[in-house]
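Subject: The structure we talked about

Hi,

Here is the structure I promised to pass on. Have a look at it first, then read my notes below.

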Amino acid sequence: TMIRARVDLSALATEILGELARIEPERHVVTHVTPGIHVHADIRLVRILLENLLGNAWKFTAKRETPEIRLGGDATTFFVRDNGAGFDPRFVDDLFVPFRRLHHADEFAGTGVGLATVHRIVRHHGGKISVEAAPDQGAAFFVTLVPSE
């Protein structure tokens with residue numbers, strides 16, 4: 001069952017980015033997290049959602065000289081934006097299909113289930129997710145979670 005509560009998204013994102021930095025201390029990723037973003041959501045599911053979105057941003061900025069990841073927004077809609085590999089927006093519908101990958105496995109590791117999981121979590125919260133991206137121009141994922149009544 002889903003248990004909704006007030007979640008400090010900014011603190012959670014900062015914690016997850018810190019974990020990623022500890023796992024790969026040789027990488028120097030510039031991160032920007034807007035403070036004070038709170039959502040009314042299931043903390044376990046939101047953690048999985050952020051781990052996937054921030055983990056992807058971390059992964060797909062690996063070939064950047066100055067990788068940047070940003071989490072911003074407000075209580076209604078938040079976003080995760082990176083300056084990484086990006087992708088052709090014509091294939092955006094494939095993003096959320098399990099095992100559909102937009103990059104070759106020899107380029108970037110992964111199974112293709114992360115964004116499908118993110119999509120399910122967002123839908124479970126009655127929300128929506130949209131994406132802006134271009135090849136070699138990074139990607140931005142916009143998430144709206146609907147607060148429970």
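Let's start with Arg 27, which is buried but has no salt bridge. In this predicted model, the nearest side chain of opposite charge belongs to Glu 24, and it is 4.2 Å away. A salt bridge needs the nitrogen and the carboxyl oxygen to be within 4 Å, so this pair doesn't count. You'll find Arg 27 in the loop between α1 (9-23) and β2 (30-33). Leaving aside residues up to four places away in sequence, Arg 27 touches Trp 58, Thr 61, Ala 62 and Pro 67.

Now for the bigger picture. The protein chain has three helices and seven strands, and they follow the pattern β-α-β-β-α-β-β-α-β-β along the sequence. Of its 149 residues, 43% count as buried. If you take contacts between residues at least 6 apart in sequence, 66% of them join residues at least 24 apart.

Helix α1 is a nice one to practise on. With 15 residues at 1.5 Å each, α1 should span 21 Å, and its end C-alpha atoms are indeed 21 Å apart. Which residues of α1 are buried? They are Leu 9, Ser 10, Leu 12, Ala 13, Ile 16, Leu 17 and Leu 20. Look down the axis of α1 and these buried residues fall within an arc of 160°, so they line one face of the helix. That fits a general rule: an α-helix has 3.6 residues a turn, so residues three or four places apart point the same way. The cover over the buried residues of α1 includes β1 (4-8), α2 (43-60) and β4 (68-73), among others. At the N-terminal end, Asp 8 caps α1, with a side-chain oxygen 3.2 Å from the backbone nitrogen of Ser 10.

Back to charges. The whole structure has five salt bridges. One of them joins Arg 47 to Glu 19, with the closest N and O atoms 3.9 Å apart. Arg 47 sits in helix α2 and Glu 19 in helix α1, so this pair ties together parts that are 28 residues apart in sequence. Arg 47 also forms a salt bridge with Glu 51, at 3.3 Å; those two are four residues apart in α2, or about one helical turn. Glu 15, Glu 19, Arg 47 and Glu 51 are linked in a network of salt bridges.

Lastly, try Arg 44 and Asp 42, whose side chains meet in a salt bridge at 3.1 Å, N to O. Arg 44 is partly exposed, with a relative accessible area of 49%, whereas Asp 42 is buried at 1%.

Cheers

Note on methods:
Residues are numbered from 1 along each chain as its sequence is written. This is a predicted model: local features need pLDDT of at least 70, side-chain atom pairs count only at pLDDT 80 or more; totals for chains, interfaces and linings use all residues. Side-chain values use heavy atoms; hydrogens and water are left out. Buried means under 20% relative accessible area, exposed over 50%, partly exposed in between (1.4 Å probe, protein chains only). Lys and Arg count as positive and Asp and Glu as negative; His and the chain ends are not counted. Contact means heavy atoms within 4.5 Å. The expected span of a helix is 1.5 Å times one less than its number of residues. The arc is that of the directions from the helix axis to the C-beta atoms. A polar contact is a pair of N or O atoms within 3.5 Å; within protein, one must be able to donate a hydrogen and the other to accept it, and residues adjacent in sequence count only if both atoms are side-chain atoms.
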